[in-house]
Amino acid sequence: NTKNPTTVLSRWTRFLGAMLTIALMVPAAAVSQPRAPVNLGSAGNFAILAKTGISTTGTTSIVGDIGVSPAAATYITGFGLIMDASGTFSTSSLVTGNVYAADYAPPTPTYMTTAVGDMETAYTDAAGRTLPDYTELYGGDVTGQTLTPGLYKWSTGVLVSAGGVTISGTANDVWIFQIAGNLTLANGARVTLIGGAQASNIFWQVAGQVTLGTTAAMKGIMLCQTLIAMQTGATLNGRALAQTAVTLDADTITRPTVTAVENGLAPQEFALFQNYPNPFNPSTRIQYSLEKAAQVSLKVYNLLGHEVATLVNGRQEAGSYTVPFNTNKGTLSLSSGVYFYRLEAGSFVSTKKLVLMK
């Protein structure tokens with residue numbers, strides 16, 4: 001029953017050819033490699049950051065700071081801005097946070113220049129990542145697809161139609177989408193996260209324009225070289241960081257919590273940083289980093305040592321955090337003066353001074 005060697009060789013040749021054909025049909029990489037996140041720097045303090053302007057019509061709702069630079073505050077339109085007495089920021093009924101512009105009082109101009117520079121650096125970082133896991137996947141139309149962690153690259157635009165797209169992965173996974181053309185979410189299109197995927201770990205680097213259609217639901221950090229246009233009723237869980245303008249129409253934007261994954265590698269130490277702005281009125285931000293998970297307490301005290309506010313009280317994972325302190329929220333009523341904020345994280349304890357000026 002000895003088989004003909006020529007017949008065996010022929011069968012193996014056909015088998016290997018079939019396997020090669022199947023392999024070529026599989027997307028660029030069957031198993032993606034872990035990717036380092038894009039460091040946003042101080043641009044990560046903003047829900048919306050633009051260079052030439054931010055405009056809105058209708059009842060827009062934004063959770064997080066917004067700002068423009070080098071444009072002046074006159075290029076932030078539709079928000080009914082109210083200048084703070086310090087001259088360093090303004091407020092708006094549409095924004096849960098502060099509004100900054102390049103022509104506000106110092107130190108805001110420097111702060112905004114740094115933020116825009118960090119935004120441009122982040123864009124360059126995302127655009128410069130090499131060895132993509134997936135190239136030209138689905139011809140740029142990812143409607144109905146499930147995208148696993150990794151680096152994706154398209155030399156054209158990317159479309160998500162009404163069928164939506166799913167991003168699947170864990171809380172520590174990272175997605176970077178390099179798009180040479182436009183990014184378009186059609187009317188009603190949704191980006192859905194499953195498996196614990198976090199909006200703060202998803203980076204859309206877009207050389208063209210971003211358009212979010214009516215009632216579209218976007219997730220992730222949009223690093224756009226041109227215009228970001230959100231049409232009526234669109235929502236964004238993430239950030240709109242544009243090197244030209246951002247236009248809104250009765251939209252909802254929520255800035256995700258700042259984490260270590262979003263801003264780089266896990267912190268190497270426990271640290272408490274100086275709040276910004278300082279002096280402040282009525283709100284400021286307190287930043288700290290945790291080397292490892294710990295029970296965390298962040299409280300504010302007056303000069304007599306009496307506790308006036310508890311900002312954090314609970315267990316938190318390793319990472320970098322930004323916590324707002326708004327003296328106009330709730331029943332809190334504080335007079336001008338010097339206060340202290342104290343961070344306790346495990347055995348780490350640190351205290352810094354902040355100044356409220358009304």
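These questions and answers walk through a predicted model.

Reader: How many aromatic pairs does a search of the whole structure find?
Author: The model is predicted. The search covers the whole structure. The number of aromatic pairs found is 13.

Reader: Is the pair of Tyr100 and Tyr111 stacked or edge-to-face?
Author: The ring centres of Tyr100 and Tyr111 lie 5.4 Å apart. The angle between their planes is 70°. Planes over 60 degrees apart count as edge-to-face. The Tyr100 and Tyr111 pair is therefore edge-to-face.

Reader: Which parts of the chain does this pair tie together?
Author: Tyr100 belongs to strand 8, residues 95–101. Tyr111 belongs to helix 2, residues 108–128. The two residues are 11 apart in sequence, so the pair ties together strand 8 and helix 2.

Reader: Is Tyr111 buried or exposed?
Author: The cut-off for buried is under 20% relative accessible area. Tyr111 has 11% relative accessibility. Its partner Tyr100 has 0% and counts as buried. Tyr111, too, counts as buried.

Reader: Which residues do ring pairs link into a cluster with Tyr100 and Tyr111?
Author: Tyr100 and Tyr111 are both members of this cluster. Ring pairs link them with Phe46, Phe89 and Tyr276.

Reader: How many salt bridges does the structure hold?
Author: Side chains of opposite charge can pair when their charged atoms come close. In this structure, the number of salt bridges is six.

Reader: How many residues apart are Lys51 and Glu120?
Author: Lys51 and Glu120 form a salt bridge, with the closest N and O atoms 2.7 Å apart. Lys51 sits in the loop between strand 1 (46–50) and strand 2 (53–57). Glu120 sits in helix 2. The pair links distant parts of the chain, 69 residues apart.

Reader: Which partner of the salt bridge between Arg129 and Asp125 is buried?
Author: The N to O distance in this bridge is 2.7 Å. Asp125 is at 26% relative accessibility and counts as partly exposed. At 19%, a value under the 20% cut-off, the buried partner is Arg129.

Reader: What is the N to O distance between Arg342 and Glu344?
Author: Arg342 is partly exposed, at 29% relative accessibility. Glu344 is partly exposed as well, at 32%. Their side chains meet in a salt bridge, N to O, at 2.8 Å.

Reader: Which residues touch the most other members of the largest nonpolar core?
Author: This core has 52 residues. Trp204 is in contact with residues including Ile167, Ile179, Leu183 and Met218, leaving aside neighbours within four places in sequence. Phe177 is also one of its contacts. The residues that touch the most other core members are Phe177 and Trp204.

Reader: Which strands form the edges of the open sheet ordered 27-26-29-30?
Author: Four strands form this sheet, with antiparallel pairing. Neighbouring strands are turned by 15° against each other on average, direction ignored. An edge strand here pairs on one side only. The edges are strand 27 (307–316) and strand 30 (348–356).

Reader: Which residue is the bridge partner of Val296 in strand 29?
Author: Strand 26 (residues 294–301) and strand 29 (residues 337–345) pair over six bridges. Their pairing is antiparallel. In strand 29, the partner of Val296 is Ala345.

Reader: Which residue of strand 22 stands opposite Ile54?
Author: Strand 2 and strand 22 (residues 245–249) run parallel, joined by five bridges. Strand 20 (residues 228–230) also runs parallel to strand 22, with two bridges. From there, Ile228 stands opposite Val246. Ile54, too, stands opposite Val246.

Technical notes:
Residues are numbered from 1 along each chain as its sequence is written. This is a predicted model: local features need pLDDT of at least 70, side-chain atom pairs count only at pLDDT 80 or more; totals for chains, interfaces and linings use all residues. Side-chain values use heavy atoms; hydrogens and water are left out. Rings of Phe, Tyr and Trp (its six-membered ring) pair if their centres lie within 6.5 Å; planes under 30 degrees apart count as stacked, over 60 as edge-to-face and the rest as tilted. Buried means under 20% relative accessible area, exposed over 50%, partly exposed in between (1.4 Å probe, protein chains only). A salt bridge is a side-chain nitrogen of Lys or Arg within 4 Å of a carboxyl oxygen of Asp or Glu. A nonpolar core is a set of buried Ala, Val, Leu, Ile, Met, Phe, Trp, Tyr and Cys residues joined through side-chain atoms within 4.5 Å. Contact means heavy atoms within 4.5 Å. Two strands pair if DSSP finds at least two bridges between them. Axes are lines fitted to C-alpha atoms, for helices over the stretch in contact, and angles run from 0 to 180 degrees between N-to-C directions.
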